[in-house]
Amino acid sequence: MRHPSGGPRGSPVSTEAMSSGFGWRVDDLDTDEMILNMGPQHPSTHGVLRLELRTDGEVVRAARPHIGYLHRCFEKHAENVDYPGVIPYTDRMDYVASMGNSLGYALAVEGLLKIEPSPYVQTIRVIMAELQRIASHCVAVGTYGMDIGAFTPFLHLLRDREKILDMFEWTCGARLLYNYNWVGGVSHDLPQGFIKACRQFLREFEAITYPELIDLLLKNKIFIKRTANIGVCPVEVAVSYDLTGPNLRGSGPPRDLRKDAPYSGYDSYAFEVCVGKGEFGPLGSCFDRNWVRTVEMAESAKIVHQALDRLEKMERADVHEKVPKRVKPPKSEIYSRSEAPRGQLGYYVVADGIGVNPYRVKVKSPCFTAMSVFHVLARGMMIADIIALIGSLDVVLGEIDR
């Protein structure tokens, strides 16, 4: 086999030969770009997200996320079933945090009907919502560590998530998609012994899992180096792209609907809004977003403790007391927001006052807005850091392609 220069294989190639024979020059090597498709087969893209990267060597010059692989069609389904029938479909959007989805929808329809569940039901809802927040963040933080090479924290966090799912299954029979928060109430009362089991879980989580997580991951020098200086999202960019939840709080603003626009009695609970601190690098980095989710789990545990204390002092009540036999709101519309684990989840519901089906249901997804800023943060990063960026945004594609 002859070399392009005319000499044997291994001979140096002249600039003239390269330019005339191959159509490019040595000078072009510094600016050669190529298009790489990352996913959907890559584990960090969860099988449903394709990232189109324009790269110059190992540097990402531009990135474009391609969504549209799940086709949940939630908003169209909602027009063809009655108001209570929409609830199982809400579970399937963010399937890692289904309790928060149904809660947001129930609050919206209750606003149309102008009904308010009993304090007993609201306390149960808070317990379930905060347990779901812990379970959701267990997946987010655990898989994030695994994405960049830390396997052990994932096992610890998945173990505790299973304990939460055991309690959910004990209560309503389901482990992933619950159909639990109904309009005006919840599907099942808490079973006998739930409070004791929940307290036992919280004691184990606070005494064992949480300190282990901090030591194994958040204080790990390798993890800090891989996350503390990449994916930096300045507060101006976060606000401009309407980021919410941990993605916004990681950049500094202490915005949380549980404090800013309380619902379900959240204004009566004592807890802190967790924000990024920029302790190991610029504020708003991948580390800060992951830090917020981690410490939020401890704050959610505090809320659950307080809710359990209240529940012990309450008499059991009928959780279906305020559930209407026929949900038919008057002609009206509402936009209702709640603080889901991934950010502000908004439901815009239109009632025509004629039928028992919603005229229109539109969802504002925190994951959709988080994915919209991806191309800005990815510009100039190394290819290997793209994985760390995706994980730090904590998106669930069922909520994006709804």
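**Close-up views: salt bridges, a helix pair and a sheet**

**View A. E204 is partly exposed, with 26% relative accessible area, in what is a predicted model.** Look for K163 alongside E204: their side chains meet in a salt bridge, with 2.8 Å from N to O. K163 sits in helix α6 (residues 152-172) and E204 in helix α7 (residues 194-218), so this pair ties together parts that lie 41 residues apart in sequence. K163 comes out as partly exposed too, at 29% relative accessibility.

**View B. Here K76 and E79 form a salt bridge.** The closest N and O atoms of K76 and E79 are 3.2 Å apart. Are the two partners buried or exposed? K76 counts as exposed because its relative accessibility is 54%, and the cut-off for that label is over 50%. E79 has a relative accessible area of 22%, so E79 goes down as partly exposed; buried would need a value under 20%.

**View C. This one zooms in on a buried pair, D256 and R258.** The two form a salt bridge, and their closest N and O atoms are 2.7 Å apart. There's more to the picture: D256 and R258 belong to a network of salt bridges that also links E130, R133, R249, E296 and E339. For the whole model, the salt-bridge count comes to 28.

**View D. Helices α5 and α12 pack against each other.** Helix α5 covers residues 119-147 and helix α12 covers residues 286-313. How far apart are their axes, and what is the angle? The axes are 9 Å apart and the angle is about 155 degrees. That makes α5 roughly antiparallel to α12, because angles over 145 degrees get that label. The crossing of the two helices is left-handed. As for what's in the contact, sorting the residues by class gives 18 nonpolar, 5 polar and 5 charged.

**View E. Three strands make an open sheet, in the order β6-β7-β8.** The pairing is antiparallel. Which strands stand at the edges? Those are β6 (332-340) and β8 (360-364); each has a single partner strand, so one side of each is left without a neighbour in the sheet. From one strand to the next, the twist averages 15 degrees.

**View F. A closer look at β6 and β7 shows how this antiparallel pair is joined.** Strand β7 takes in residues 343-351, and 9 bridges join it to β6. If you want one pair to find on screen, try S336, whose bridge partner in β7 is Y347.

Definitions and conventions:
Residues are numbered from 1 along each chain as its sequence is written. This is a predicted model: local features need pLDDT of at least 70, side-chain atom pairs count only at pLDDT 80 or more; totals for chains, interfaces and linings use all residues. Side-chain values use heavy atoms; hydrogens and water are left out. Axes are lines fitted to C-alpha atoms, for helices over the stretch in contact, and angles run from 0 to 180 degrees between N-to-C directions. Helices (H or I, at least four residues) and strands (E, at least two) are DSSP runs, numbered from the N terminus. Angles under 35 degrees count as roughly parallel, over 145 as roughly antiparallel, 65 to 115 as roughly perpendicular and the rest as oblique. A crossing is left-handed if the near helix is turned anticlockwise from the far one by less than a right angle, and right-handed if clockwise. Ala, Val, Leu, Ile, Met, Phe, Trp, Tyr, Cys and Pro count as nonpolar, Asp, Glu, Lys and Arg as charged, and the others, Gly among them, as polar. A salt bridge is a side-chain nitrogen of Lys or Arg within 4 Å of a carboxyl oxygen of Asp or Glu. Buried means under 20% relative accessible area, exposed over 50%, partly exposed in between (1.4 Å probe, protein chains only). Two strands pair if DSSP finds at least two bridges between them.
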